[in-house]
Structure formats: C-alpha cells, structure tokens
Amino acid sequence: MSHSLMPTLFVSHGSPMIMLEQSPARDFLSSLAQSLPRPRAILIASAHFDSREPALSADVQPQMIYDFGGFPRPLYEITYPAPGAPALAQEAVDLLKAAGLPAHLKTNRGFDHGTWTPLKLMYPQADIPIVQLSIQSHSDPAHHIAMGKALRGLRAKDILIMGSGTLTHNLYAFMQVRNAPDTPTPVWVSDFGNWVQKVAESGDTSSMARYRQLAPYFKENHPTDDHFLPFPFVMGAAGEGAQGKRIHTSAQSGIMLMDAYRFD
C-alpha cells in the first residue's frame, strides 16, 4: 500500500468529561496527532450525528453543539473554532452518490461532542478544516462499510477519515459504577473488545458486517448501535484487507472501553 495514503482512525470519545478529567484516554488523544501525517482536512463520522441518509456538514464556520445535560459549566464554555470544508463535503456527497448511496449537504450543523472532544485534544489549534458525516443508525453495518469504501479515495488527497464513537457503550451499566473508577472490566465487556481486536487486526470486513450475529455480548455492550457504527465505516474506508492496529485501550469504570484503532 502506498505510503502516501492517510490512515483511517476509530477513536472512543466516551463522556464529555474527558475534557475536564485526567484519564489514559485523554492522554492518548492529546498525543495522537504526533504519530500521524498532518492532514489537509478531516472527515469524521460521529455517533452523535444521525440521519436517514448520509449527510455531510457544509458550513464554512461551524458553531458548537453542547449535546448533553447536567455537566459542569466549563464544558459548555469550550469552543473549537475549526473551519468547515464545504468543497470537501460536496466531493464526498458526489462520491457517495456515485456509489449508489443517496447523500446530501447539511448546513447549520455545528460540531457535536463526538467531533469536538477528540479533535480539540488532537488538534488544539483548531486549524484543520473539518467535515462531519452522519451515521444511519437504522441501517446495518454493511451500509456503513459501503459508505467508507465510497470515500476511501479521499485518503490519497491527504484527508484523514475518522470515526468517533465509544468501543463499548452501555450507559445504564456505566451509571451504576461511574463513581467507582477502579471497577474491574467484566467478561462481557472484555470478550467483546477482544473480538473487535481480532476482526480489526485480520481486516475481516465480512465479520464486521455481521457483528450483531458474531460479536459476543454485542447487545449488552451496545443497547443501540450508534456508538459502534463509526467502526465499520472506518474499516470500509481503509480498503480491502487493510489491517487494523489497536493503538489504545483503557476503560472508564470498567464498562466503557475507550479503545482506538488505526488502519493502514
């Protein structure tokens, strides 16, 4: 594979508190950009941008979305003034349509916390243009793999394709132990994380397309799919046989795996 291709990345953003509290995941995201070639722009699929069909943010200067409640005031004062990239958004729409996936531009779509929390840690200068891509939580993982495949040519143009979710995301189970950060990781969480690692490292997109049937404890870790769908998307964008590497693993209160993956 050509060395000039950008990798694709999946990162776990977890709770917005990652911005205020020290954690291994925060430290990892803060140093991640140093190990990457500098992108011309970033196209990021966020678990918090969901629509019936693929939508791409097309604002020149996106606003902020504070899509959470009941958190400390400083979180609502964070800004991330990175520019948008309307021309890239249009190029992505055209590529998706050419692959038979109806897609459209979306304006007045600010940066949600699935986008601004990891990117503010990775690129605090906010000087790289960003386009957000919606997930389709009513659709299956194969659809998200196909979306990634349609866009993978952008990697040759120095576009960093990212997915932002959380590797395991059972909020009900997390709330039971959120004040006990040293809770050990239960088997139902670690077995799922190990399955993802195996599938990613072998580049096995056909298993990823059937994660609901094949992954151990999928429903327990993802009562809804939204925080996992960015993963098959970045696998699709990595291309056939691209092997993933787990570049970070940690857990919040044993329940939320904050793993990150890079595909080359």
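## An aromatic cluster

Phe10, Phe192, Tyr211, Phe218, Phe228, Phe231, Tyr261 and Phe263 come together as one aromatic cluster. Keep in mind that this is a predicted model. The count of aromatic pairs comes to 16. One of them joins Phe192 and Phe218, a tilted pair with 5.8 Å from centre to centre and 55° between the planes. This contact links distant parts of the chain, since Phe192 belongs to helix H6 (residues 187–201) and Phe218 to helix H9 (residues 218–221), 26 residues apart.

Phe218 also forms a tilted pair with Tyr211, here with 4.5 Å between the centres and 35° between the planes. Are these rings buried or exposed? Phe192 has a relative accessible area of 0%, so it counts as buried. Tyr211 is buried as well, at 0% relative accessibility, and Phe218 is buried at 4%.

## Strand S1 and its neighbours

Phe10, a member of the cluster, lies in strand S1 (residues 8–12), where five of five residues are buried. In a regular strand, side chains alternate between the two faces of the sheet. For S1, both faces are covered: Thr8, Phe10 and Ser12 are buried on one side, Leu9 and Val11 on the other.

Which strands pair with S1? Strand S6 (residues 159–165) runs parallel to S1 and is joined to it by five bridges, with Met162 as the bridge partner of Leu9. Strand S10 (residues 260–263) pairs with S1 in the antiparallel sense over three bridges. There, Phe10 has Tyr261 as its bridge partner, and both residues belong to the aromatic cluster.

## A charge over a ring

Another ring to look at is Phe49: the charged end of Arg109 sits over it, 4.2 Å from the ring centre.

Note on methods: Residues are numbered from 1 along each chain as its sequence is written. This is a predicted model: local features need pLDDT of at least 70, side-chain atom pairs count only at pLDDT 80 or more; totals for chains, interfaces and linings use all residues. Side-chain values use heavy atoms; hydrogens and water are left out. Buried means under 20% relative accessible area, exposed over 50%, partly exposed in between (1.4 Å probe, protein chains only). Helices (H or I, at least four residues) and strands (E, at least two) are DSSP runs, numbered from the N terminus. Two strands pair if DSSP finds at least two bridges between them. Rings of Phe, Tyr and Trp (its six-membered ring) pair if their centres lie within 6.5 Å; planes under 30 degrees apart count as stacked, over 60 as edge-to-face and the rest as tilted. A charge sits over a ring if NZ of Lys or CZ of Arg is within 6 Å of the ring centre and within 35 degrees of the ring normal.
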